[in-house]
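Hi,

Here is the structure I promised to pass on to you. Have a look at it first, then read my notes below.

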Amino acid sequence: MNKLRQHSFLAFLCLILILPTLVFGECTCDEEEDGGNKTEALKYKLAAIASILVASAIGVGIPILGKTIPALHPDRNIFFLIKAFAAGVILATGFIHVLPDAFDNLTSPCLKENPWGKFPFTGFVAMVAAIGTLMVDASATSYYSRSHSKNNQAQPVENGGDEEKAGEHEGHVHVHTHATHGHSHGSVDTSPTTQLLRHRVISQVLELGIIVHSVIIGISLGASESPDTIRPLVAALTFHQFFEGMGLGGCISQAKFKARGVAIMALFFSLTTPVGIAIGIGISNVYKENSPTALIVEGVFNAASAGILIYMSLVDLLAADFMNPKMQSNGRLQAGANIALLLGAGCMSLLAKWA
């Protein structure tokens, strides 16, 4: 799991270092001058860095610190409602915010008709990203499950070993869900160890998808020189990062990482958009948002991010909880989760009016 975390860190560094260098280029389309005040725009950008940083930290911190509050413990009903709301936010982020931006980028008239106008690259990249996420999800879970099994087999069996095996056997329930990978004769392995591995893989893959689009929206905001464009984005992106942080924080809290791992993941999420804004400010004089290179790079990254977020929200978050035996046997909890899901998706969809 440490290797996966290291790979995520390297991917993050590559993204923030390489992406800005790829979006430089001569613009092939006429850009409208906003007549913006650069000094005023810079004030809004600095305010955006502060507000988004605070909102992100609070959002991701609430579920993590909630473990110390009995009412917000992952086993409580309220936690299912919070996760359903957050999953709706992430789902709407993929469908309403990120995917349309990718379509706009890759169907821009600034791009050549051949090949960009003759093939639906946005949908194709999103599909490939979703399939790739499935493969990484399944492979990582399988790898760590096999590693854990080998470690258990290498250890001598003591008196408590039978009880442990019995406890793990109790974790095999005959409930088929699309959220768990690998089943035998209709049974699903829900043993604590397997579920913990699933939560750890889910949290890291989800963070990767969030980081990709957070860097892009940060760079776009930082590179803008129009106060009229930036002003509504500050409030909208603050709420956006807060809700998204709640979804990610819920996954991190269930993964039960060590304190250092939790701090690193929370820090990555909190800093990603502010770092993107800072990069955007630094390259604002040379960044051309309508250049073919910028449109293609942003479009591909946005489409891939949308595919990851849509897959993770539907398969690993919603399906896992909605098919959970606890929710299946509780009609009131199921109704509450449905309402929370609709509220989360609705609130994030409403923000699309401004951002």
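Let's start in the middle. The largest nonpolar core has 51 residues, and the ones that touch the most other members are Leu206, Ile252, Met312, Leu317 and Phe322. Keep in mind as you read that this is a predicted model.

Which elements build that core? Those giving two or more residues to it are α2 (38-65), α3, α5 (121-154), α7 (192-223), α8 (227-255), α9 (259-282), α10 and α12 (331-350). With 11 residues, α3 provides the largest share. In soluble globular proteins, nonpolar side chains tend to be buried together.

If you want one residue to click on, try Leu317. Setting aside residues up to four places away in sequence, Leu317 touches Ala87, Ile90, Ile202, Leu206, Cys251 and Met312. Another core lies apart from the big one; this other core has 11 residues, including Ala41, Ala48, Ile49 and Ile52.

Now zoom out for a moment. The protein chain contains 12 helices and three strands. It has 355 residues, and 46% of them count as buried. If you take the contacts in the chain with a separation of 6 or more, 84% of them are between residues 24 or more positions apart.

Next, how the helices pack. Two packed helices are described by the angle between their axes and the distance between the axes. I picked two pairs for you.

The first pair is α3 (residues 77-106) and α10 (residues 292-322), which pack at an angle of about 155° with their axes 8 Å apart. Angles over 145 degrees count as roughly antiparallel, so that is what α3 is to α10. The crossing of α3 past α10 is left-handed. What kinds of residue make up the contact of α3 with α10? There are 21 nonpolar, seven polar and four charged ones.

The second pair is α8 and α9, with an angle of about 165° and axes 11 Å apart. These two helices are therefore roughly antiparallel to each other as well. Is their crossing left-handed or right-handed? For α8 and α9 it is right-handed. On the α8 side you'll find Gln241, Glu244, Gly245, Leu248 and Ile252, and they meet Val262, Met265, Phe269 and Thr273 in α9. Sorted by class, the contact of α8 with α9 has five nonpolar residues, three polar and one charged.

Gly245 deserves a closer look. This glycine sits in helix α8 and, because its relative accessibility is 0%, counts as buried. Not counting neighbours within four places in sequence, Gly245 is in contact with Gly59, Val60 and Phe269. Try finding Ile58 too: Gly245 and Ile58 are 187 residues apart in sequence, but 7.8 Å apart in space, C-alpha to C-alpha.

One last stop is His97, in helix α3. Is His97 buried or exposed? It counts as buried, because its relative accessibility is 9% and the cut-off for buried is under 20%. How far is His97 from Lys353 in sequence and in space? They are 256 residues apart in sequence, while their C-alpha atoms are 9.9 Å apart in space.

That's my tour. Happy browsing!

Notes. Residues numbered from 1 in each chain as written. Predicted model: local features only at pLDDT ≥ 70, side-chain atom pairs only at ≥ 80, totals over all residues. Heavy atoms only, no water. Axes fitted to C-alpha atoms, helices over the stretch in contact; angles between N-to-C directions. Helix = DSSP H or I, 4+ residues; strand = E, 2+ residues; numbered from the N terminus. Parallel < 35°, antiparallel > 145°, perpendicular 65-115°, else oblique. Left-handed = near helix turned anticlockwise from the far one by under 90°. Nonpolar A, V, L, I, M, F, W, Y, C, P; charged D, E, K, R; others polar. Core = buried A, V, L, I, M, F, W, Y, C linked by side-chain atoms within 4.5 Å. Buried < 20%, exposed > 50% of the residue type's maximum accessible area, 1.4 Å probe, protein only. Contact = heavy atoms within 4.5 Å.
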